[in-house]
Amino acid sequence: MTNNGSPVHTAEVVSPGMVLTVTQVCQSCKVDRVWISEMVSQGVLEPEGQSETEWQFNALHIRRIAIARRLERDFSLNAPGIALALQLLDEIEALRARLRSLEPARKGD
Amino acid sequence: MEFKDYYKILGVERSASQDEIKRAYRKLARKYHPDLNKDAGAEVRFKEIGEAYDVLGDAEKRAAYDQLGADYAAGQEFRPPPNWSFEFSTSGVGPDHDFSDFFETLFGRGRQSGGFSSRSQQFRSREFQERGEDHHARIVIDLADAINGAARSVTLRTPQLDENGLRTMRSRTLNVKIPKGVTDGQQIRLKGQGAPGIGGGPPGDLYLTVEFAPDPLYRIDGSDVYLDLPVAPWEAALGASVNTPTPSGPVNLKIPAGSGQGRKLRVKGRGIPSNPPGDFYAVLQIALPPANTAEARAVYEEMARKLAFDPRAKFGGK
């Protein structure tokens, strides 16, 4: 399903173990440190490390930030609103996963 | 070009107040936002709603649309009147929007509001260098793609500014080699395929979040794959060897004697070949033969007579 003649770009799997500094995260997601700080203080992002200079984000944070930014933009959410929405989304995702794992047993009831 | 009925899209009357329009938009946006709604088609609907609100939520654009659209119905062939032009008095649409041809014919492409172009020129004059932004998109693949790896072409529409500061949507198609072993929700990265850098800075990366299209046979949980495997009552009771499909080819699965409904049988390492590889689970579904012949009925009757079997024993006679 590719166009003939065009180069093929090989995608690399982003490992959850990949670690980014706050500067790299800001650069990747075009956000500023104040915004990241706010998300950390709301518990939306949970980097390793005590102080801002020591913060280490894993690559999965990038996806979380992208979702947070879209929710912020599309619903004019403030920081606590983003935190609440993401927490509810996490819960829905966990429930869906649980539902998937229970589906075989459920059918047998 | 088809006429788009923005009122219908937002589900409001043509006489709706600006407040009603805003309310309808917000409700629909929450319902169809692609981060909240995982249904296929939600994203398209969300864009459509956004476009409708961009027009109807703005009094000026709404008036222009009403004037043009009074005689049209949704889906009807639409031609803008000759010499039609619309000047934005406000800043116009933002760079993140990707609107239809119908919208662009009526309202043109939005003039960039912020100082992005002037800012980037300023950066250039000071020889400022900055790495380009990373872009994010989704890619839907089949289970077989995750098992074998696959090449897929992905079309991305990204906003860009031309030399006049006008927003244009640039379409580009990328051929992407998807490594085998990716799982649902996982991210894959294409280096250098994000936004171009500023002032000669390096480009950003493109992150694709992998989503699986629903599979008719298998269920996927992380890197594990589940299959409902129908078995006959005697296969479950007496044990059997059953030819069973798995995503990476059929296996002969040994059903232990005395297996019950819903029993999970694992084939290690036969799930998605991620690191570590997932497992394959066959979930036994006991299928009952119909009692639709005299012979079949006789067998059931014999079982009823000879087996001391109480399927409701756990009720304790209540």
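**Exercise 1. Locate A:K30 in the loop between α1 (22–29) and α2 (33–41) of chain A, and decide whether A:K30 counts as buried, partly exposed or exposed.**

Helices (H or I, at least four residues) and strands (E, at least two) are DSSP runs, numbered from the N terminus. This is a predicted model, in which local features need pLDDT of at least 70, side-chain atom pairs count only at pLDDT 80 or more, and totals for chains, interfaces and linings use all residues. Residues are numbered from 1 along each chain as its sequence is written, while chains are lettered from A and ligands numbered from 1 in the order in which they are written.

Step 1. Apply the cut-offs: a residue is buried if 20 or more other C-beta atoms, placed from the backbone, lie within 10 Å of its own, exposed if 12 or fewer, and partly exposed in between.

Step 2. A:K30 has 16 C-beta neighbours inside 10 Å, so A:K30 counts as partly exposed.

Step 3. Look at the backbone: A:K30 has a positive phi of about 50° although it is not a glycine. Most residues other than glycine have a negative phi.

**Exercise 2. Do likewise for A:S76: where is A:S76 found, and is A:S76 buried or exposed?**

Step 1. The loop between α3 (60–75) and α4 (79–108) of chain A holds A:S76.

Step 2. Because 9 other C-beta atoms lie within 10 Å, A:S76 is exposed.

Step 3. The phi of A:S76 is positive, about 50°, and A:S76 is not a glycine.

**Exercise 3. Compare the expected and actual span of helix α3 (residues 42–56) of chain B, then list its buried residues.**

Step 1. The expected span of a helix is 1.5 Å times one less than its number of residues.

Step 2. For the 15 residues of α3(B) this gives 21 Å, and the end C-alpha atoms are 21 Å apart, so the two agree.

Step 3. The buried residues of α3(B) are B:F46, B:I49, B:G50, B:E51, B:A52, B:Y53, B:D54, B:V55 and B:L56.

Step 4. Their cover includes α1 (6–10), α2 (18–32), α4 (59–69) and α5 (101–107) of chain B.

**Exercise 4. Describe the contact between the chains: how many residues does it take from chain B and from chain A?**

Step 1. Two residues are in contact if their C-beta atoms, placed from the backbone, lie within 7 Å.

Step 2. Chain B supplies 35 residues and chain A supplies 33 residues. On the side of chain B that touches chain A, β3(B) gives the most, with six residues.

Step 3. That side of chain B divides into 13 nonpolar, twelve polar and ten charged residues. Here Ala, Val, Leu, Ile, Met, Phe, Trp, Tyr, Cys and Pro count as nonpolar, Asp, Glu, Lys and Arg as charged, and the others, Gly among them, as polar.

Step 4. Two strands pair if DSSP finds at least two bridges between them. Strand β2 (residues 12–13) of chain A runs antiparallel to β4(B), joined by two bridges, and A:E12 stands opposite B:R189.

**Exercise 5. State the order of the strands in the open sheet of four strands in chain B, and find the cis peptide bond.**

Step 1. The order is β6-β7-β11-β10 (chain B), with mixed pairing.

Step 2. The edge strands, β6 and β10 (264–267) of chain B, each pair on one side only.

Step 3. Four bridges join β10(B) to β11(B), which run antiparallel; B:K264 has B:V283 as its bridge partner.

Step 4. In the loop between β10 and β11 of chain B lies B:P276. A cis peptide bond joins B:N275 and B:P276, with omega about 0°.
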